[in-house]
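Let's take a friendly walk through this one, strand by strand and then chain by chain. Please have the viewer open as you read.

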Amino acid sequence: MPLATESMVLNMGPHHPSTHGVLRFILRTDGEVIHHCRPDIGYLHRGLEKIAEKVSYAHFMPYTDRLDYLAAMNCNLGYAITVERAAGIEVPPRAEYIRVLVAELNRIISHLISVGTFAMDMGAVTPFTHSLREREWVNDLFEELCGSRLTYNYVRFGGVALDLPDGFLQRLSRFLDYFEPRLRQYNRFISKNKIFKERLVGVAVISPKDALDYKLVGPNLRASGIDWDLRRDEPYSVYGELDFDVPVGGGAEMGELGDCYSRYWIRIREMEQSVRILRQCMEKIPDGSHWNRSKKKLKIEPGEFYVRTEAPRGELGFYLVSKGGLKPHRLKIMTGSFSAMSIVEKVGSGLMVADLVALIASLDVVAPEVDR
Amino acid sequence: MENLVSDLFNKVSFFQQIGYVPTAAVVMLACGLVVLNFFGLMSGLYTYLERKVAGWTNSRRGPNRVGPYGLMQFMADGVKLILKEDIIPAAADKSIFKFAPYLLLLGTALSFVVIPFGPKWIISDLNVGVLYLLATGSFTVIGLILAGWASNNKWALLGGMRSAAQIVSYEIPNALAILVVVLSTGTMSMQSIIRAQAGGLHHWYLFSSPFSFLAFFIYFVSAIAEINRVPFDIPEAESELVAGYNIEYSAMRFGAFFAAEFGNIYVISAVAVTCFLGGWQLPLSVDVGELGPIGAAFGHFLSRPDVLMLLLLGAVPATFFAWKALRAFIWDVRRKRNFFGSRFVRFHSELLVLGLLFAAGGLTLALHLPLRAYLPAVYRLIFEYIVPFLVFFTKAMVVSFVVLWWRWTLPRLRVDQLMGVCWKYLIPLGFFCLVGQGFWMWLSS
Amino acid sequence: MQKQAILERIKRIIGEADLQWIDDQPGDPYLIVGKEKLLRLAIYLKGDPHLSFDTLLCLSGVHNMGDEDEIEVVYHLYSLRHRHQLTLKVILERPAFFPHFYLKIDSISEIWPAAGWMERETYDMFGVHFVGNKDFRRLLLPPDWEGHPLQKDYRESPVYRDITTTREEIDGIVVGFQE
């Protein structure tokens, strides 16, 4: 009698160590090989878009912190730029530099978490604690700046809430001096690790065409070899005046184009570039006002705006429809993690369970950003 | 143990009255108690050590609240595990579910029977000791696969299947590597294997031939794979299988899995020490009696291969420790700290321990001859029991430290890569070593 | 390509009927397309080498409940090759009776696969059916949820699976969960 085999349905999540928050995957597997992988999201759906229609423009700012709690500054910034463009608010130059400063700092710590959890999903625990140690330092800096360590609510329409405290730039520079060698240490420690590379190189390859079709953004898109960065190509704030490179996948030190390792490596390289941007910002930052504050209640003329900014997880798009009045008529938030999750079903099929973990970690999906 | 039974039977009148078989039973019971307690204590200490090593590598403190240096942490954990509710899933296969962790524990505890602690200290020096060890090691896989199956959980099942595939595969290179040693000694008894490595560092199988040198690393890697430690911990891969085979276990049954896992670390370190690192033998075959006058001794001393090798091997850590000690000392002197407030004492307690060890070593060497002459009983106690035990234990701890260190440093392999490492690299290399060792023996004879 | 040039090219390809270019308000101008023409236009927009809109940035809905009750489906397109952007809009009326019969539109998920999930989300939030989406279910909300929350007249049902969704208020302060 021939042996009959049947596929097994595995429920991965929503409480699973490597689903970073509450994501769920329904896997149909043959032993360890996944035949079909169906993501199930919505466990962190908090109705941010509905809330936006109920509260005034300024009151929605704290909610953007919760959009992506690992990169709250970038979400603040994206929303603020959207509203400023819609309302025609001018931002003083000092505030622009402070914004870029905090956004890049937040990009660094967001990538640190990404890299650390990536290593932890591959079974190496130590890089995670080390990256958290570095993140603590930045959290302390942010606490000094705005009083909170995770959800900052720091950016305001027309500037930032508080000016830099005394000696902040010196302490920031001390952090950068400490951080740059650490990055090389990470490379020795985990990026160049033989097992780590074996696990990731050539795994879950996303072709440039797929990346475009599924609208991957940010580091995930660049890992697939598409040279596109909003900060350079459609500069907002003061990014046009700064000099930095955009790391793109492919090349000698990467793995295969668009595989998990290049997505990892792009993030490491982006941290280096963020340090470069930070150093330039610290040099160029002018004196002056930090907030072009208006006493009037913010009203926006009827119109439609779609504004994109480059958050750590890629483009963060706000589609703002105003019909006049104090509240948005509609605020649609388009995030990087959302499109990253939508490609999992296509790429995830045919991988092994352990590779799926690598894929999710390499896409750097953050659950609240997917569900909003 | 056999000696102990006959000694007691022949010398103590009480035991002569109760007869030989009851005597044997009493001794067996006592030995079992001692071994089980040693095993429990060791796995407890390993949980502590593991957390401390994790703390060092992760740049944090590790346990430091319960007891001095957090040493009592494992006791507190044990009490907690015993007091917790033992949950058995409704859909589990109850009897197997209950039984599986003890099977695992049994396998580990049985291994302690043939593990030597000194030239005289061993429960039973079986003439098939190594074979016995390989057999008890396989108990683990039955326990794991039963636990995975009985939990009625797909993740647990996957973990159980992974461990079955892994352990069964890795037993082959494991056995091949030990076979290299058996081939050279011609015996499977643990004590005889150790005695065959007498005469100093260069007689240990790690250094005695290039093939057994390679065999040591084959053994080490496959043994780590057999006890499911990182980088081969795929049966309980946390980020993939949540917790693998023990996902449904709680309370002391869960504790039993961990006791077995940590006990296994001692077992594999002890076997590595026995087979490749000279067991309870000192790295120098110091017979102080033959040293003669000190001036003459030094010339003789430095020409010996074991001394040279030890100096060579010891140079790196010695430089490291000396550098650390010097820096701490300078730091203290600059800040004019007193002894107990000094960095030297507070942060480098390992230096103090090393210093104490050296002092104790020097003292024993100095007292060596007078002791042998005037207090032969104390001499025998020290040189046949305490020193060999300490030597064995230290070596085992060094090996275990490497196991724990890897756990917190390396990422994990994927299932197919794990099998690839075994079948494509370790097994062919194992056969190569076996043949090569035969060739080497033929050459050197 | 400039917006006007894009518009000219679109008109040349699919004709001027059913197209309406709105650029009289602040912000991004947009093109209103009849829903019958959407799929054809989408194929051209992606395939035409001079337009080649390779990325679908955003697909969303907007519910207007002013004089007439209508739901707009908005497509933000971007071309990485030519670096130009286009906003398309399809307006669906939402009558009081049998609204689901009218809220139907062709799916573009075959052209831009990214649209697959965005369409599901738009269905989830606005109740717009996308005909031709292969995996058409609710995305964020549970499958047995009633109503579409981002419609302006949405009232959540007080109980979902015996779990209350509202809280009792006394003088504007939430005091506890309702039975």
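## A strand in chain A

Is strand E7 (residues 314-322) of chain A largely enclosed by the rest of the structure, or is it exposed? In this predicted model, nine of the nine residues of E7(A) are buried, so the strand is largely enclosed by the rest of the structure.

## Its partners on either side

Take strand E6 (residues 303-311) of chain A to begin with: it runs antiparallel to E7(A), and nine bridges join the two. E6(A) and E7(A) form a hairpin, with two residues between them. If you would like a landmark, look for Val307(A), whose bridge partner in E7(A) is Phe318(A).

Phe318(A) also leads on to another strand, since its bridge partner in E8(A) is Ile333(A). Strand E8 (residues 330-334) of chain A is antiparallel to E7(A) as well, with five bridges joining them.

## How the chains meet

Now zoom out to the whole assembly. Two pairs of chains touch, and the most contacts are between chains A and C. Chains B and C, by contrast, share no contact, and their closest C-alpha atoms are 25 Å apart.

## The side of chain B that touches chain A

The contact between these chains draws 22 residues from chain B and 26 residues from chain A. On chain B, helix H11 (238-241) and helix H18 (415-444) each supply at least two residues of the side that touches chain A. The largest share there, three residues, comes from H11(B). By character, the residues on this side of chain B divide into nine nonpolar, seven charged and six polar.

Conventions:
Residues numbered from 1 in each chain as written. Chains lettered and ligands numbered in written order. Predicted model: local features only at pLDDT ≥ 70, side-chain atom pairs only at ≥ 80, totals over all residues. Contact = placed C-beta atoms within 7 Å. Helix = DSSP H or I, 4+ residues; strand = E, 2+ residues; numbered from the N terminus. Nonpolar A, V, L, I, M, F, W, Y, C, P; charged D, E, K, R; others polar. Buried ≥ 20, exposed ≤ 12 C-beta atoms within 10 Å, placed from the backbone. Pairing = 2+ DSSP bridges.
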